[in-house]
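Please open the model in your viewer, with a way to select single residues and to show side chains. The stops below each say what to select next and what can be found there.

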Amino acid sequence: MSSETALKQPKQVRKRTPAKRDAVRYPFWFGGSASCFAACVTHPLDLGMSLYCYNMIVRLQTRRGDAPKTMVGTFGHVLKTDGILGLYRGLSASLLRQITYSTTRFGIYEELKSGQKSKPSFPTLIAMASASGFIGGVAGNPADVLNVRMQHDAALPVAERRNYKNAVDGLIRMTREEGWKSLFRGVWPNSMRAVLMTASQLASYDGFKNVLIEFTPMEDNLKTHFSASFLAGFVATTVCSPVDVIKTRVMSSQESKGLATLLADVYKMEGVGWMFRGWVPSFIRLGPHTIATFLFLEQHKKMYRKLKGIEEPEQPI
């Protein structure tokens, strides 16, 4: 081809294409470990959100006027009655929940994902995340019930508090005083929520991360991880809001009600607005937790590749 002909050829636009699939299999426990680190950072927000939602239920059901009406008031109440350590009430149960629930869902999801021969499509990611979330929801239900109870103790009068010493003491007392079935109170709405949470959180994070790297100038770095996890937190909060409200009310209830009966009672008292009640405080808690979890997880993976001498992938799975 002559130089004159070459000049007439149109310039080809360089498209960013995914690199070959990274076949690294990370340890199963990475997701649980990252979630535990995130829980230590965001536990006060988790506690504040849970107590805020619980106090709204208390005001609606018992018409008590002394329950704090805002997030700031909730934090103030905890600090006044229990001190700074009160903000970490139930941390042991929260960590137990991450060790069971998050380790299971992240571990299974990563195993399914790394077992694919080619880069999985977004619908495939959703399907794998949903299955992982359901199993994780069942595995983590006892710790989830315990976590809700220990956090809600701060909102109860002193005489009505359960006062579990720690997660192990709580599990033993729940089994002894209420039977082993109490460990699986609300397991179906909790598993439903786990399916929605894992699908909307893990699959959307991978989806956003892939889009940002493939179609924008962003690289596989901290800025991209933060952006993708922020968007994943927004999606997860919106998708899970209705089930999250149901789960909290079922687990904190002192009487056994069928799901249909509970929904009928809530709709009668609050209308359709109950589905997104507490969305803002929920995002304030879930957003930072999602961001922290994926930032810690990416650092786990980066350190693992460095220790194993594995070349950094150009494109995520």
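Begin by selecting Met275, which is partly exposed, with a relative accessible area of 31%, and which sits in the loop between helix H9 (259-270) and helix H10 (279-308). Keep in mind throughout that this is a predicted model. With Met275 still selected, add Pro242: the two residues are 33 residues apart in sequence, yet their C-alpha atoms are 4.2 Å apart in space. Leaving out residues up to four places away in sequence, Met275 touches Ser241, Pro242 and Val245.

Move next to one of those partners, Ser241, which belongs to helix H8 (residues 222-252). Is Ser241 buried or exposed? Its relative accessible area is 4%, so Ser241 is buried. When residues up to four places away in sequence are not counted, Ser241 touches Met275, Phe276 and Trp279.

**The whole chain**

Zoom out and colour by secondary structure, and the protein chain shows ten helices and zero strands. Of its 317 residues, 51% count as buried. Among contacts in the protein chain with a separation of 6 or more, 79% are accounted for by residues 24 or more positions apart. The protein chain exposes about 16300 Å², and carbon and sulfur atoms supply 64% of that area.

**Charged pairs**

Side chains of opposite charge can pair when their charged atoms come close. How many salt bridges are there in the model? The count comes to nine salt bridges, and three of them make useful stops on this tour.

Select Asp144 and Arg97, which form a salt bridge whose closest N and O atoms are 2.7 Å apart. This pair links distant parts of the chain, with Asp144 in helix H5 (residues 122-152) and Arg97 in helix H4 (residues 91-114), 47 residues apart. Asp144 has 3% relative accessibility and therefore counts as buried, and Arg97, with a relative accessible area of 11%, is buried as well.

Now select Lys113 and Asp206, whose side chains meet in a salt bridge at 2.9 Å, N to O. Because Lys113 lies in helix H4 and Asp206 in helix H7 (residues 187-215), the pair ties together parts that are 93 residues apart in sequence. Lys113 is buried, with a relative accessible area of 4%, and Asp206 is also buried, at 6%. Add Glu110 and Lys301 to this selection, since salt bridges that share partners join Glu110, Lys113, Asp206 and Lys301 into one network.

The third pair is Arg173 with Glu177, a salt bridge in which the closest N and O atoms are 3.1 Å apart. Here both residues lie in helix H6 (residues 167-178), four residues apart, which is about one turn of the helix.

**Where H5 meets H6**

Stay with helix H6 and display H5 beside it: the axes of the two helices come within 10 Å and cross at roughly 100 degrees. That angle makes H5 roughly perpendicular to H6. To see the contact itself, select Pro142, Val145, Leu146, Arg149 and Met150 on the H5 side, together with Ala167, Gly170, Leu171, Met174 and Glu178 on the H6 side.

**A nonpolar patch on the surface**

For the next stop, switch on the molecular surface and select Phe134, Ile135, Val138, Trp180, Phe184 and Trp188, which make a nonpolar surface patch of about 630 Å². Which helix gives the largest share of the nonpolar patch? That share, three residues, comes from H5. Within the patch, pick out Trp180, which is placed in the loop between H6 and H7. Trp180 counts as exposed, because its relative accessibility is 56% and the cut-off for exposed is over 50%.

Finish with Ser191, a residue of helix H7. Setting aside its neighbours within four places in sequence, Ser191 is in contact with Phe134, Gly137 and Val138, and of these Phe134 and Val138 are also among the patch residues selected above. Ser191 itself is buried, with a relative accessible area of 1%.

Notes: Residues are numbered from 1 along each chain as its sequence is written. This is a predicted model: local features need pLDDT of at least 70, side-chain atom pairs count only at pLDDT 80 or more; totals for chains, interfaces and linings use all residues. Side-chain values use heavy atoms; hydrogens and water are left out. A salt bridge is a side-chain nitrogen of Lys or Arg within 4 Å of a carboxyl oxygen of Asp or Glu. Buried means under 20% relative accessible area, exposed over 50%, partly exposed in between (1.4 Å probe, protein chains only). Patches are made of residues with over 30% relative accessible area and no salt bridge: like charges are joined within 9 Å, nonpolar side chains (Val, Leu, Ile, Met, Phe, Trp, Tyr) within 5 Å. Accessible areas come from the Shrake-Rupley method with a 1.4 Å probe; for residues, only the protein chains shown count as cover. Axes are lines fitted to C-alpha atoms, for helices over the stretch in contact, and angles run from 0 to 180 degrees between N-to-C directions. Angles under 35 degrees count as roughly parallel, over 145 as roughly antiparallel, 65 to 115 as roughly perpendicular and the rest as oblique. Contact means heavy atoms within 4.5 Å.
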